[in-house]
Amino acid sequence: MSILIDEKTRVVVLGITGGEGTFHAQKMIEYGTRVVAGMTPGKGGTRHLGVPVFNTVAEAVDAEGADATAIFVPPYAAADAVMESADAGVGLVVCITEGIPTFDMIKVKAFLKSKPAKLIGPNTPGVISPGKAKIGIMPGHIHAPGTIGIISRSGTLTYEAVQQVSRQGYGQSTAVGIGGDPIVGLKYIELLRLFKDDPGTEAVVLIGEIGGTAEDEAAAYIQAEFSKPVVGFIAGQTAPPGRRMGHAGAIIAGGKGTAQEKMAALEAAGVHVAVSPADIGATLRQALSRRA
Amino acid sequence: MKIHEYQAKQILARYGVRIPRGEVAETADAAREIAGRIGPRVVVKAQIHAGGRGKGGGVKLAATPAEAEALAARMIGMQLVTHQTGPEGKRVKRVLVEEALDIASELYLGLVIDRAREAVVVMASTEGGIEIEKVAAEKPELIFKEYVAAGAGLLAYQARRLAFKLGLEGDAFKQAVKFLLSLYQAFEGTDASLAEINPLLVTRQGDVLALDAKMNFDDNALARHPDIRAMRDFDEESPLEVEASKYNLNYIKLDGNVGCMVNGAGLAMATMDIIKYAGGMPANFLDVGGGVTEDAVNQAFKILVSDPDVKGALINIFGGIVRCDMIASGVVKAARALGTTIPVVIRLEGTNVDLGKKILAESGLAFSAADGMKEAAEKIVSLLK
């Protein structure tokens with residue numbers, strides 16, 4: 001099984017006619033995702049990659065029964081695209097875009113409080129339920145259908161973890177990139193809840209990094225309510241304080257948000273923490289064999 | 001992005017936030033002239049992107065314009081060392097000459113994004129003139145907070161609540177409320193990520209002003225604030241970091257000798273970590289990003305090896321969008337042009353990996369390939385022994 005998306009999810013790609021949108025929508029279609037429409041304001045009535053393009057998300061929802069959007073629009077238009085998607089009533093919004101100003105995201109999160117939409121991202125490679133569908137830019141071929149849930153703030157580090165997991169012989173139920181920005185949509189706890197209720201997920205791999213307290217909050221939730229095995233890895237154990245390490249959210253501020261702090265919190269909650277990034281797969285194997 | 005105190009004060013003044021009278025001087029002569037106009041008593045303040053200037057000798061009172069000139073002459077051109085600059089200090093190129101004020105009390109105001117609450121938090125404390133982290137550790141009950149509702153902005157009643165908690169009355173109370181509301185406008189209007197007024201001065205006459213001001217800005221928002229972007233001081237940044245930013249490469253110089261080049265921030269951090277675990281020291285963080293071009297890879301490699309501390313390089317590429325063959329071509333091109341002789345270990349995975357490995361193998365250069373992160377890190381560390 002899986003969470004968030006499967007072979008039935010009907011996706012509208014916002015920005016489908018742009019370079020990024022075209023490239024990745026094509027890859028999504030090849031993977032088996034049901035891309036039912038595109039949306040680019042002003043290009044409504046045309047067709048692109050074999051699907052109808054609409055001027056607005058609401059029209060795409062009405063005409064094609066879309067229930068999810070994939071956002072490939074530039075940073076200063078992306079917050080608006082998220083809000084338009086939510087306003088149109090879709091259940092899932094996946095925002096790939098990196099570079100959205102923090103204040104825009106503060107407004108987006110406030111806007112979303114009154115809407116049913118679940119937001120994944122921004123600054124994320126997306127969501128994939130291997131063998132079923134992907135909304136995003138991750139390479140499908142390193143994934144395999146299976147029972148391990150993946151939640152990560154990273155892009156390529158997630159691929160590294162997924163490949164290690166696949167090579168250990170475990171596939172993935174769903175892999176979710178929550179994004180590298182300081183303010184994002186669903187975070188670890190909401191996704192752990194979904195994985196908890198997914199009978200097809202037997203364990204979760206949690207990939208974090210320096211900055212903020214999302215991993216610490218996740219540790220508290222895991223301790224209190226999550227009984228499936230969790231493997232964790234935190235990147236940035238050697239990061240200097242006060243510097244933004246690529247991701248807008250990856251910064252140790254005022255001494256808080258260090259990798260060591262997060263690793264300790266996760267360990268205290270019973271998470272199997274891999275110290276080296278090369279040991280994520282092996283740690284998963286250990287965690288699962290200990291359980292058996 | 002960081003700016004100097006004098007620039008932060010310029011921005012705040014635009015939003016109606018009260019600051020002391022003052023001007024920036026790049027020569028001792030100019031400092032004397034300014035002191036003549038706004039003095040005779042002035043404070044001469046070294047302008048660098050770091051705190052702790054006072055303790056480091058970078059903030060001094062002058063009783064006359066002649067004294068101001070002498071102080072400025074000493075400060076301009078000095079390497080000012082504070083607990084935030086590192087032992088090498090930062091070179092002072094200009095000073096802010098400000099009217100000296102009668103201090104009745106020093107308070108603290110700080111605005112920052114609270115990530116857990118997903119809102120701006122306005123913090124106020126009676127303990128001004130001290131590092132707020134110290135207050136937070138020792139007397140957290142003296143830090144008062146108001147969270148700003150998105151769309152509503154900081155509301156007048158919230159500003160009043162903070163001013164009451166600071167123990168202010170009468171004119172100082174009214175001024176503090178106005179100060180807070182204008183400060184929030186400045187924060188949101190400029191897409192700031194941090195605004196710190198430490199100390200917030202209340203004078204004997206009951207005036208409320210920003211004695212110091214620090215503002216940092218959201219890098220993602222700079223394209224919509226060209227005036228703020230123009231305030232960037234390249235001299236405050238490491239030259240290689242400045243060079244890298246021209247190509248949209250995320251590069252941060254560190255202390256070690258193993259240079260690394262990776263696609264993806266999380267993977268780049270993890271690569272630094274694994275180099276350390278293999279017994280090496282990373283020389284830098286370098287994320288070439290998802291949509292990088294062959295030219296950018298070329299430039300990235302050049303920047304990497306132009307750091308004299310770098311004795312070997314580890315390239316770790318997991319190609320999702322990024323194509324391994326393009327990375328390989330870019331690196332080969334750069335290495336050939338530079339005549340690179342330092343050992344380079346390359347680990348490629350993902351899209352077009354076989355083609356990438358082929359390009360490396362046929363290049364005739366001394367590049368070793370590695371199959372996993374652990375092998376790659378151990379290989380480069382052993383090559384440097």
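**Close-up views of a predicted two-chain model**

**View 1. Strand β13(B) and its partner in the predicted model.** B:Asn250 and B:Ile252 point one way from β13(B), whereas B:Tyr251 and B:Lys253 point the other way; all of these residues are buried. The structure shown is a predicted model. Strand β13(B) is joined to β15(B) by four bridges, and the two strands run antiparallel. Within this pair, B:Lys253 stands opposite B:Asn284 of β15(B).

**View 2. The contact between chain A and chain B.** Chain A contributes 46 residues to the contact and chain B contributes 44 residues. On the side of chain B that touches chain A, at least two residues each come from β13 (250-253), α9 (265-277), β15 (284-287), β17 (344-350) and α13 (373-383). Helix α9(B) provides the largest share of that side, with 11 residues. Sorted by character, the residues on the side of chain B that touches chain A comprise 20 nonpolar, 12 polar and 12 charged.

**View 3. The nonpolar cores.** In soluble globular proteins, nonpolar side chains tend to be buried together. The largest nonpolar core in this model holds 204 residues, and those that touch the most other members are A:Ile71, A:Val94, A:Val205, B:Leu180 and B:Leu286. Helix α6 (residues 170-189) of chain B gives the largest share of this core, 10 residues. Another core, of 24 residues, lies apart from it; among its members are B:Ala31, B:Val44, B:Ala68 and B:Ile76.

**View 4. The surroundings of B:Leu286.** Which residues are in contact with B:Leu286, leaving aside its neighbours within four places in sequence? They are B:Leu249, B:Asn250, B:Tyr251, B:Cys260, B:Met261, B:Val262, B:Ala268, B:Ala300 and B:Leu304. Two of these names, B:Asn250 and B:Tyr251, also appear in View 1, where they point in opposite ways from β13(B).

**View 5. Helix α7 of chain A and its two sides.** The 12 residues of helix α7 (residues 214-225) of chain A should span 16 Å at 1.5 Å a residue, and the end C-alpha atoms are indeed 16 Å apart, which agrees. The buried residues of α7(A) are A:Ala214, A:Glu215, A:Ala218, A:Ala219 and A:Ile222. Because these residues cover an arc of only 140 degrees around the axis, they lie on the same side of α7(A). An α-helix has 3.6 residues a turn, so residues three or four places apart point the same way. A:Ala224 and A:Glu225, on the other side of α7(A), are exposed. The buried residues of α7(A) pack against α6 (188-196), β12 (203-209), β13 (230-235) and α8 (259-268) of chain A.

**View 6. An open sheet in chain A.** Seven strands of chain A form an open sheet with mixed pairing, in the order β9-β8-β11-β10-β12-β13-β14. Why is one side of β9 (133-136) and of β14 (272-273) of chain A left without a neighbour in the sheet? These strands stand at the edges and each has a single partner strand, so one side of each has no neighbour in the sheet. Elsewhere in the sheet, two bridges join β8 (residues 126-129) of chain A to β11 (residues 172-177) of chain A, and these strands run antiparallel. A:Val127 stands opposite A:Val176 in β11(A).

**View 7. Two cis peptide bonds in chain B.** B:Gly39 and B:Pro40 are joined by a cis peptide bond, with omega about 20 degrees. B:Pro40 belongs to the loop between α2 (28-38) and β2 (42-46) of chain B. A cis peptide bond also joins B:Asn198 and B:Pro199, where omega is about 15 degrees. B:Pro199 is located in strand β10 (residues 192-203) of chain B.

**View 8. Two leucines of chain A with positive phi.** A:Leu4 is not a glycine, yet its phi is positive, at about 70 degrees. The residue is found in the segment before β1 (10-14) of chain A. Is A:Leu4 buried or exposed? A:Leu4 is buried, because 22 other C-beta atoms lie within 10 Å. A:Leu49, also not a glycine, has a positive phi of about 55 degrees. A:Leu49 is placed in the loop between β3 (47-48) and β4 (51-54) of chain A. A:Leu49 has 16 C-beta neighbours inside 10 Å and therefore counts as partly exposed.

**View 9. A:Gln168 and its distant partners in sequence.** A:Gln168 is situated in the loop between α5 (156-167) and β11 of chain A. With 15 C-beta neighbours inside 10 Å, A:Gln168 counts as partly exposed. A:Gln168 and A:Gly281 are separated by 113 residues in sequence but by 6.2 Å in space, C-alpha to C-alpha. Leaving aside neighbours within four places in sequence, A:Gln168 is in contact with A:Gly281, A:Leu284 and A:Arg285.

Technical notes: Residues numbered from 1 in each chain as written. Chains lettered and ligands numbered in written order. Predicted model: local features only at pLDDT ≥ 70, side-chain atom pairs only at ≥ 80, totals over all residues. Contact = placed C-beta atoms within 7 Å. Nonpolar A, V, L, I, M, F, W, Y, C, P; charged D, E, K, R; others polar. Expected span 1.5 Å × (residues − 1). Buried ≥ 20, exposed ≤ 12 C-beta atoms within 10 Å, placed from the backbone. Arc of directions from axis to C-beta. Core = buried A, V, L, I, M, F, W, Y, C linked by C-beta atoms within 7 Å. Pairing = 2+ DSSP bridges.
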